[in-house]
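Got a few minutes to go through a fold with me? Have a look at the sequence and the structure, then we'll take it question by question.

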Amino acid sequence: ASEWLIVLANTPLSRGEDIVARVCERVRHHAFASPGGQIFHTDLDYGIAEVQDAETPDAWIARVELARHAMKRSHRQLSAAARAA
């Protein structure tokens, strides 16, 4: 798995959320090929946070990671609920 950090300067959180949603949608609908030729689809895990006044880069990245982990937990819970239904 690869991790990427994308910084959108002078971008409010709501605009960042719109951009992330569009990127995720494109990735979700793109067909990828493995080295062996098998076609597959994937999705992205992401965290998003707007920098707070006087926040250090390390503190901001930590909040992004917390958001990413929370999203992954919620997706697992929704997935488990769908399988149980």
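**Glu 55 and its neighbours**

Q: Which backbone nitrogen does the side chain of Glu 55 reach?
A: Bear in mind that this is a predicted model. Glu 55 sits in the loop between β2 (39-40) and α2 (57-84). At 2.8 Å from its side chain you'll find the backbone nitrogen of Gln 52.

Q: Is Glu 55 buried or exposed?
A: The cut-off for buried is under 20% relative accessible area. Glu 55 comes out at 18%, so it counts as buried.

Q: What is the N to O distance in the salt bridge of Arg 63 and Glu 55?
A: In general, side chains of opposite charge can pair when their charged atoms come close. A salt bridge needs a Lys or Arg side-chain nitrogen within 4 Å of an Asp or Glu carboxyl oxygen. Arg 63, which is partly exposed with a relative accessible area of 29%, meets Glu 55 with N to O at 2.7 Å.

Q: Leaving aside neighbours within four places in sequence, which residues is Glu 55 in contact with?
A: We've already met one of them, Arg 63, through its polar contact with the Glu 55 side chain. With the close sequence neighbours set aside, the list reads Glu 50, Trp 60 and Arg 63.

**Salt bridges elsewhere**

Q: How many salt bridges does the structure hold?
A: The pair of Arg 63 and Glu 55 is a salt bridge, and so is the pair of Lys 72 and Asp 45. For the structure, the count is 5.

Q: How far apart along helix α1 are Arg 28 and Glu 25?
A: These two form a salt bridge, with their closest N and O atoms 2.7 Å apart. Both count as partly exposed: Arg 28 has a relative accessible area of 33%, and Glu 25 is at 38%. They are 3 residues apart in helix α1, so the separation is about one helical turn.

Q: Which residues are joined into one network by salt bridges that share partners?
A: Start from the Arg 63 and Glu 55 salt bridge, at 2.7 Å from N to O. Elsewhere, bridges with shared partners make one network, and its members are Glu 25, Arg 28 and Asp 43.

Q: How many residues apart in sequence are the parts that Lys 72 and Asp 45 tie together?
A: The salt bridge between Lys 72 and Asp 45 has its closest N and O atoms 3.8 Å apart. Lys 72 lies in helix α2 and Asp 45 in the loop between β2 and α2, so the pair ties together parts whose separation in sequence is 27 residues.

Q: What is the relative accessibility of Asp 45?
A: Its partner Lys 72 counts as partly exposed at 26%. Asp 45 counts as partly exposed too, and its value is 43%.

**Rings and nonpolar residues**

Q: At what angle are the ring planes of Phe 32 and Phe 40?
A: A search of the whole structure turns up 1 aromatic pair. The rings of Phe 32 and Phe 40 have centres 5.8 Å apart, and planes under 30 degrees apart count as stacked. This pair is stacked, because its planes are at 25°.

Q: What relative accessibility does Phe 40 have?
A: Phe 32 counts as partly exposed at 28%. Phe 40 is partly exposed as well, and its figure is 36%.

Q: Which residues form a nonpolar patch on the surface?
A: One member, Leu 8, is in the segment before α1 (13-28). Leu 8 is partly exposed, with a relative accessible area of 36%. The patch has about 410 Å² of accessible area together, and its residues are Trp 4, Ile 6 and Leu 8.

Q: How far apart are the C-alpha atoms of Leu 5 and Tyr 46?
A: Leu 5 is found in the segment before α1. Beyond its neighbours within four places in sequence, Leu 5 is in contact with Trp 60 and Ile 61. Tyr 46 is 41 residues from Leu 5 along the chain, and the C-alpha separation is 9.4 Å.

**The chain as a whole**

Q: What pattern does the chain follow along the sequence?
A: The secondary structure comes to 2 helices and 2 strands. Read along the sequence, they give α-β-β-α.

Q: What percentage of the residues in the chain is buried?
A: The chain's accessible surface comes to about 7,000 Å², with 57% of that belonging to carbon and sulfur atoms. Of the 85 residues in the chain, the buried ones make up 11%.

Note on methods: Residues are numbered from 1 along each chain as its sequence is written. This is a predicted model: local features need pLDDT of at least 70, side-chain atom pairs count only at pLDDT 80 or more; totals for chains, interfaces and linings use all residues. Side-chain values use heavy atoms; hydrogens and water are left out. Patches are made of residues with over 30% relative accessible area and no salt bridge: like charges are joined within 9 Å, nonpolar side chains (Val, Leu, Ile, Met, Phe, Trp, Tyr) within 5 Å. Accessible areas come from the Shrake-Rupley method with a 1.4 Å probe; for residues, only the protein chains shown count as cover. Helices (H or I, at least four residues) and strands (E, at least two) are DSSP runs, numbered from the N terminus. Buried means under 20% relative accessible area, exposed over 50%, partly exposed in between (1.4 Å probe, protein chains only). Rings of Phe, Tyr and Trp (its six-membered ring) pair if their centres lie within 6.5 Å; planes under 30 degrees apart count as stacked, over 60 as edge-to-face and the rest as tilted. A polar contact is a pair of N or O atoms within 3.5 Å; within protein, one must be able to donate a hydrogen and the other to accept it, and residues adjacent in sequence count only if both atoms are side-chain atoms. Contact means heavy atoms within 4.5 Å.
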